[in-house]
Amino acid sequence: EREAATIVLARLVLRRDMQALGLLTNLTDWAFSLVQPAGSSDPPSVYTCIGVLSFIARLGASGQVDDFAPLVSPVFGQTLQILQGNSAVSDVIKSSALARKTIIKILRTVTVMALSLSEREDNAISDDQISTILEDAIDHFLVALADKDTPVRFAASKALSIITLKLDPDMAVEVIEAVTGSLEENILYEKPNGTIVTPLEARRIGINTLKRNLSAVDAQRWQGLILTLGHLLFRRAPPTHQLGDVLQPLVSGLDFEQRSSTGSSVGTGVRDASCFGIWALSRKYTTQELLALKPQTISTATAQG
């Protein structure tokens, strides 16, 4: 019922005659007034918040850039305010995985619209505003990659790949470097006799001769980051000179395994994400591009020879 209501309401306010009456702006304001109530009134239920956020997300997904242009900056700012606020409503929203996922969809849609507007001569928002939107959105997505719920991590990884594809090549390379750089954090190395050594010591010995040990990394964050690489590869966003750096964590993730405090396995998601990434790489890049990779630079769990 909530989904049906968001579809009908979004279609209604996006009609030309309804926009002429100012209904799009009025209902957007109404939606944010529900999830940002003034005063000390009781917060709305989590289902109200999900419904209202879904309505805003639907507006962005269904609306044309021209229709939504005046709302891009205010909608982004108010959505970010919900995440950064300490009010009772913010706590209600942040407690729901579905609400957090919906917020990621809103931020993704609005950021893509801002990038589309930046390419026009009659730009409705300034370059400074676009830069701020882009930085804040990418920051939030990178943090959300470590969310405790898989649907939120998946939404963040998809959002990051869609936005990266629309950036200038230089900026896109920086985002990919941020993801691959995060995957190098907390990596340890293992000698043939099983002794664990730090990255500094491993560099002295020769990193490519040692097995990577992932026991100290955050499994949820790793799944989010590797999913992002998979989505980026599926959209052919990484340039060929970055493929070596992208392939290393994918190969490492294939035999990823950790145990939770209760003893259950938490490595399946990472291994699945690695399989998706390697499949995307083989589907989207040519044989010549893949043959140009230097396999000896990639550390694998098996013997290097």
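The legends below describe close-up views of a predicted model of one protein chain.

**Figure 1. The whole protein chain is built from 16 helices and three strands.** Taken along the principal axes, the C-alpha atoms of this predicted chain fill a box of roughly 70 × 50 × 30 Å. Of the 305 residues in the chain, 44% are buried, and the chain exposes about 15400 Å², of which carbon and sulfur atoms supply 53%. When contacts with a separation of 6 or more are considered, 70% of them are between residues that stand 24 or more positions apart in the chain.

**Figure 2. The largest nonpolar core of the chain contains 90 residues.** Within this core, the residues that touch the most other members are Val72, Ile93 and Trp222. The element that gives the most to the core is helix 8, which spans residues 97-118 and contributes 11 residues. A closer look at Ile93 shows its contacts once the neighbours within four places in sequence are left aside: Val35, Cys49, Leu53, Ile82, Ala99, Arg100 and Ile103.

**Figure 3. Trp30 and Phe55 form an edge-to-face aromatic pair.** A pair of aromatic rings is described by the distance of the centres and the angle of the planes. The structure holds five aromatic pairs, and in the one shown here the rings of Trp30 and Phe55 are 6.5 Å apart from centre to centre, with 65° between their planes. The pair links distant parts of the chain, since Trp30 belongs to helix 3 (residues 23-35) and Phe55 to helix 4 (residues 46-62), with their positions 25 residues apart. Trp30 counts as partly exposed because its relative accessibility is 37%, whereas Phe55, at 2% relative accessibility, counts as buried.

**Figure 4. Phe234, Phe276 and Trp279 are linked into a cluster by ring pairs.** Within this cluster, Phe276 and Trp279 form a stacked pair, with 6.3 Å from centre to centre and 25° between the planes. Both of these residues lie in helix 15 (residues 268-284), where they are three residues apart, or about one turn of the helix. Phe276 has a relative accessible area of 23% and is therefore partly exposed, and Trp279 is also partly exposed, with a relative accessible area of 42%. At Phe234, the charged end of Lys284 sits over the ring, 4.5 Å from the ring centre.

**Figure 5. Helix 14 is mostly covered, with eight of its 11 residues buried.** The buried residues of this helix are Leu243, Val246, Leu247, Gln248, Pro249, Leu250, Ser252 and Gly253. Their cover includes helix 11 (169-182), strand 3 (211-213), helix 13 (219-234) and helix 15.

**Figure 6. Ser252 is found in helix 14, which spans residues 243-253.** Ser252 counts as buried because its relative accessibility is 7%, and buried means under 20% relative accessible area. Not counting residues up to four places away in sequence, Ser252 touches Arg212, Leu214, Trp222 and Ser299. Of these partners, Trp222 has already appeared in the view of the largest nonpolar core, as one of the residues that touch the most other members.

How values were computed: Residues are numbered from 1 along each chain as its sequence is written. This is a predicted model: local features need pLDDT of at least 70, side-chain atom pairs count only at pLDDT 80 or more; totals for chains, interfaces and linings use all residues. Side-chain values use heavy atoms; hydrogens and water are left out. A nonpolar core is a set of buried Ala, Val, Leu, Ile, Met, Phe, Trp, Tyr and Cys residues joined through side-chain atoms within 4.5 Å. Buried means under 20% relative accessible area, exposed over 50%, partly exposed in between (1.4 Å probe, protein chains only). Helices (H or I, at least four residues) and strands (E, at least two) are DSSP runs, numbered from the N terminus. Contact means heavy atoms within 4.5 Å. Rings of Phe, Tyr and Trp (its six-membered ring) pair if their centres lie within 6.5 Å; planes under 30 degrees apart count as stacked, over 60 as edge-to-face and the rest as tilted. A charge sits over a ring if NZ of Lys or CZ of Arg is within 6 Å of the ring centre and within 35 degrees of the ring normal. Accessible areas come from the Shrake-Rupley method with a 1.4 Å probe; for residues, only the protein chains shown count as cover.
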